[in-house]
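User: Please take a close look at the disulfide in this structure. I would like to know where its two ends sit, and then what surrounds that part of the chain.

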Amino acid sequence: MECAVTVHGMGDSCSNEGSMQYITNRVADPTHQYATCIPTGDNHYDVILNGYFMSMNENIDIFALKVKSDPKLSNGFNAVGFSQGNYVLRWCIAKYYDPPVHTFLSVSGVNDGISAVPYCIPSMSTNTTRNETVAHSRPSPKPNPRLHNKICDALMEVASHKAYSEFSQTHSFQANYYRDPRRVEKLDNQTYPQLADLVIRVMIITRS
């Protein structure tokens with residue numbers, strides 16, 4: 001029997017009737033297969049909080065245990081990951097793959113991290129004096145784009161400093177897939193390589 005698993009995004013939960021319960025039922029009804037949403041917590045509020053204040057690895061470990069505890073999924077399943085849930089599924093496939101995932105669909109999933117705060121999209125330029133790539137905020141069509149750039153640059157600095165701290169990497173799912181594109185942050189990024197590990201594992205599976 002074909003089975004399907006859905007994984008919710010940030011701020012959502014499997015018990016949300018208006019989103020994940022509806023979507024999971026829509027997967028099950030027309031396909032006549034067993035479909036379930038796997039939470040990363042024991043109740044509605046824990047799931048939402050864990051999506052913010054628990055590390056990516058911990059969320060994935062909980063997800064993997066709950067998958068293995070469902071006997072109907074023992075022979076494998078098809079999977080749909082929404083938004084941040086894409087990381088949970090991709091990491092589960094790369095890290096465990098037991099039971100196997102037959103088909104994986106990502107819906108609005110982040111695939112290679114995020115590199116900017118909202119409305120501050122970094123653009124790349126080359127600093128010829130230092131021969132290294134740096135990021136600057138793209139000019140905004142606002143009345144004072146120079147001021148807007150300075151504000152965005154300041155926000156980027158705060159985001160990078162906070163995201164690459166040990167506390168954030170331990171207590172924030174989002175910090176685990178934050179990627180500052182500036183090379184000056186390269187060592188910090190390598191110090192906390194959860195996203196890099198995921199990319200490498202996916203590449204190995206793809207090539208094998």
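Analyst: What follows starts with the disulfide and then moves outward.

This is a predicted model, in which local features need pLDDT of at least 70 and side-chain atom pairs count only at pLDDT 80 or more, while totals for chains, interfaces and linings use all residues. Residues are numbered from 1 along each chain as its sequence is written, and side-chain values use heavy atoms, with hydrogens and water left out.

The structure holds one disulfide, a term that stands for a pair of cysteine sulfur atoms within 2.5 Å. The pair is Cys-14 and Cys-37, with 2.1 Å between the sulfur atoms. The torsion about their S-S bond is about -70 degrees, so the disulfide is left-handed. Cys-14 belongs to the loop between strand E1 (3–7) and helix H1 (20–31), and Cys-37 to strand E2 (residues 34–37), so the bond ties together parts 23 residues apart in sequence. Helices (H or I, at least four residues) and strands (E, at least two) are DSSP runs, numbered from the N terminus.

Are the two ends buried or exposed? Cys-14 is buried, at a relative accessible area of 13%, and Cys-37 is buried with a value of 13%. Buried here means under 20% relative accessible area, exposed means over 50%, and partly exposed lies in between (1.4 Å probe, protein chains only). Two further cysteines are also buried: Cys-3 at 1% relative accessibility and Cys-92 at 8%.

The loop between E1 and H1 also holds Ser-19. Ser-19 is buried, its relative accessible area being 17%. Its side chain makes a polar contact of 2.9 Å with the side chain of Asp-12. A polar contact is a pair of N or O atoms within 3.5 Å; within protein, one must be able to donate a hydrogen and the other to accept it, and residues adjacent in sequence count only if both atoms are side-chain atoms. Between the C-alpha atoms of Ser-19 and His-8, which are eleven residues apart along the chain, the separation is 8.8 Å.

Helix H1 contains Thr-24, which is buried with a relative accessible area of 7%. Leaving aside residues up to four places away in sequence, Thr-24 touches Thr-6, Ala-35, Thr-36 and the disulfide residue Cys-37. Contact means heavy atoms within 4.5 Å.

Strand E1 also takes part in the largest nonpolar core. Such a core is a set of buried Ala, Val, Leu, Ile, Met, Phe, Trp, Tyr and Cys residues joined through side-chain atoms within 4.5 Å. This one has 21 residues, and Val-5, Met-56, Phe-63, Leu-73 and Phe-77 touch the most other members. At least two residues each come from E1, helix H3 (56–68), strand E3 (77–82) and helix H4 (85–95). H4 gives the largest share, six residues.

Ten of the eleven residues of H4 are buried, so this helix is largely enclosed by the rest of the structure. The buried residues include Tyr-87, Trp-91 and Cys-92. After H4 comes Tyr-97, with a positive phi near 55 degrees.

For the setting as a whole, the protein chain has nine helices and six strands, and 41% of its 208 residues count as buried. Of the contacts between residues at least 6 apart in sequence, 67% join residues at least 24 apart.
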